[in-house]
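Work through the exercises below with the model open. Each task is followed by a stepwise solution.

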Amino acid sequence: MTTQSFADVEFVVRSITRTCLANEKEFGDLDAVVGDGDFGYSLARGFEIVDKDWDSYDRTDIGTFLQKIAVTITSRIGGTSGPIWGTAFLRAAGQVKGQTELSGADVVRMLRASIEGIKQRGASDVGDKTLLDALVPMTDTVEAAVAAGRKPADVVADAAQAAREAADATTPMLARRGRAAYTGERSIGSPDAGAVAVAVITERLATEWAARSSDQPL
C-alpha cells in the first residue's frame with residue numbers, strides 16, 4: 001500500500017525529474033561559462049531514464065525506491081554529475097531503508113546524509129563554489145522550519161528562498177572544485193551551475209507543492 005509519505009517522495013522525485021528535463025539548456029548554458037557545458041545535458045539524459053523507467057522501480061519501501069533511482073542516476077548521468085547526484089540519492093536512501101513513512105526529522109537526516117556523501121565523493125565543502133553552497137543552507141532552513149512545526153508547503157517555500165539566495169551568493173566566489181576550478185579567477189562573476197540547479201529544483205517543487213491538497217504537519 002502506498003502511504004502519504006511514499007506519495008510525497010514520489011512527488012518530489014518526479015518534480016526533480018521534470019525540472020532537470022525542462023532546464024537542460026539553462027543548466028548547460030550556466031555550466032558553459034566556466035565549465036564544459038555538459039551539466040544540463042548530463043542531468044537530462046539521466047533523468048530521462050528515470051522518467052522512462054518510472055513504473056518499474058521497486059517500491060517495497062522508500063529506501064529501496066530511492067536506491068533504485070540512485071543506481072539509474074549513477075550509471076546514466078555522465079561526467080562528475082552522475083557519481084555526485086547518485087551518491088546524494090543513495091545516502092538518502094540508506095537513512096530510510098525499510099520505511100514507508102517519513103517524519104520531518106527523517107527528511108532532515110536524508111538531506112544531511114546526502115550532503116556528507118557529496119562532500120566525500122567530490123572532496124568538496126561549503127565555500128568551494130559547488131552545489132553544496134546552496135544545498136547546505138537550504139537544509140539548515142528545512143531543519144529550522146521542521147523544528148518550528150511549519151507545514152510542508154511552508155517548509156518547501158522557505159527552502160526555495162534559502163536555496164535561491166545561496167545560489168546567487170556563489171556569483172562572487174572563486175571555484176575550488178570541479179572543472180570551473182581550472183579557470184581560476186574567471187570563475188568569479190557567474191553563479192555555480194550546480195547551486196543554481198538546486199535553487200531551480202526547489203523553487204519548482206515549492207510551486208507544485210503549494211498546489212497540492214495534502215498539507216499535514218511534518
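**Exercise 1. Two positive phi angles**

Does A123 count as buried, partly exposed or exposed, and what is its relative accessibility? Then compare K129.

Solution.
Step 1. The model is predicted. Its chain averages a pLDDT of 91, and 91% of the residues score at least 70.
Step 2. Find A123 in the loop between helix 6 and helix 7 (132-147).
Step 3. Read its relative accessibility: 47%. Buried needs under 20% and exposed needs over 50%. A123 therefore counts as partly exposed.
Step 4. Check the backbone. A123 has a positive phi of about 50°, although it is not a glycine.
Step 5. Turn to K129, in the loop between helix 6 and helix 7. Its phi is near 65°, again positive in a residue other than glycine.
Step 6. Classify K129. Its relative accessibility is 4%, so K129 counts as buried.

**Exercise 2. Salt bridges**

How many salt bridges does the structure hold? Examine the pairs of R212, R109 and K119.

Solution.
Step 1. The total is 17 salt bridges.
Step 2. Take R212 and D8. Their closest N and O atoms are 3.0 Å apart. This pair links distant parts of the chain: R212 is in the segment after helix 9 (193-210), D8 in helix 1 (residues 4-22), and 204 residues separate them. Both R212 and D8 are buried.
Step 3. Take R109 and D106. The N to O distance is 2.5 Å. Both belong to helix 6 (residues 104-122), 3 residues apart, which means a separation of about one helical turn.
Step 4. Compare their accessibility. R109 is partly exposed at 32%, whereas D106 is buried at 11%.
Step 5. Take K119 and D125. The closest N and O atoms lie 3.4 Å apart, within the 4 Å cut-off. K119 is partly exposed at 22%, and D125 is partly exposed at 36%.
Step 6. Look for shared partners. R18, R204 and E208 are joined into one network by salt bridges.

**Exercise 3. Aromatic pairs through F39**

Which elements do the pairs F27 with F39 and F39 with W85 connect? Classify their geometry.

Solution.
Step 1. The whole structure contains 7 aromatic pairs.
Step 2. For F27 and F39, the centres are 6.0 Å apart and the planes form an angle of 40°. Stacked needs under 30 degrees and edge-to-face over 60, so the pair is tilted.
Step 3. Place the rings. F27 is in helix 2 and F39 in helix 3 (residues 39-52), 12 residues apart.
Step 4. Check burial. F27 has a relative accessible area of 0% and is buried. F39 is at 8% and also counts as buried.
Step 5. F39 pairs with W85 too: 6.4 Å centre to centre, 50° between the planes, tilted. W85 lies in helix 5 (residues 81-95) and F39 in helix 3, so this pair ties together parts 46 residues apart in sequence. Both residues are buried.
Step 6. Check confidence. Among the chain's elements, helix 2 (residues 24-32) has the lowest mean pLDDT, 93, and helix 7 the highest, 98.

**Exercise 4. Charges over rings**

Over which rings do the charged ends of R14 and R45 sit?

Solution.
Step 1. R14 places its charged end over the ring of W54, 4.4 Å from the centre.
Step 2. W54 belongs to an aromatic cluster with F6, Y57 and F65.
Step 3. The charged end of R45 sits over the ring of Y41, 4.6 Å from its centre.

Note on methods. Residues numbered from 1 in each chain as written. Predicted model: local features only at pLDDT ≥ 70, side-chain atom pairs only at ≥ 80, totals over all residues. Heavy atoms only, no water. Salt bridge = Lys/Arg side-chain N within 4 Å of Asp/Glu carboxyl O. Helix = DSSP H or I, 4+ residues; strand = E, 2+ residues; numbered from the N terminus. Buried < 20%, exposed > 50% of the residue type's maximum accessible area, 1.4 Å probe, protein only. pLDDT = per-residue confidence, 0-100. Phe/Tyr/Trp six-rings, centres within 6.5 Å; stacked < 30°, edge-to-face > 60°. Lys NZ or Arg CZ within 6 Å of the ring centre and 35° of its normal.
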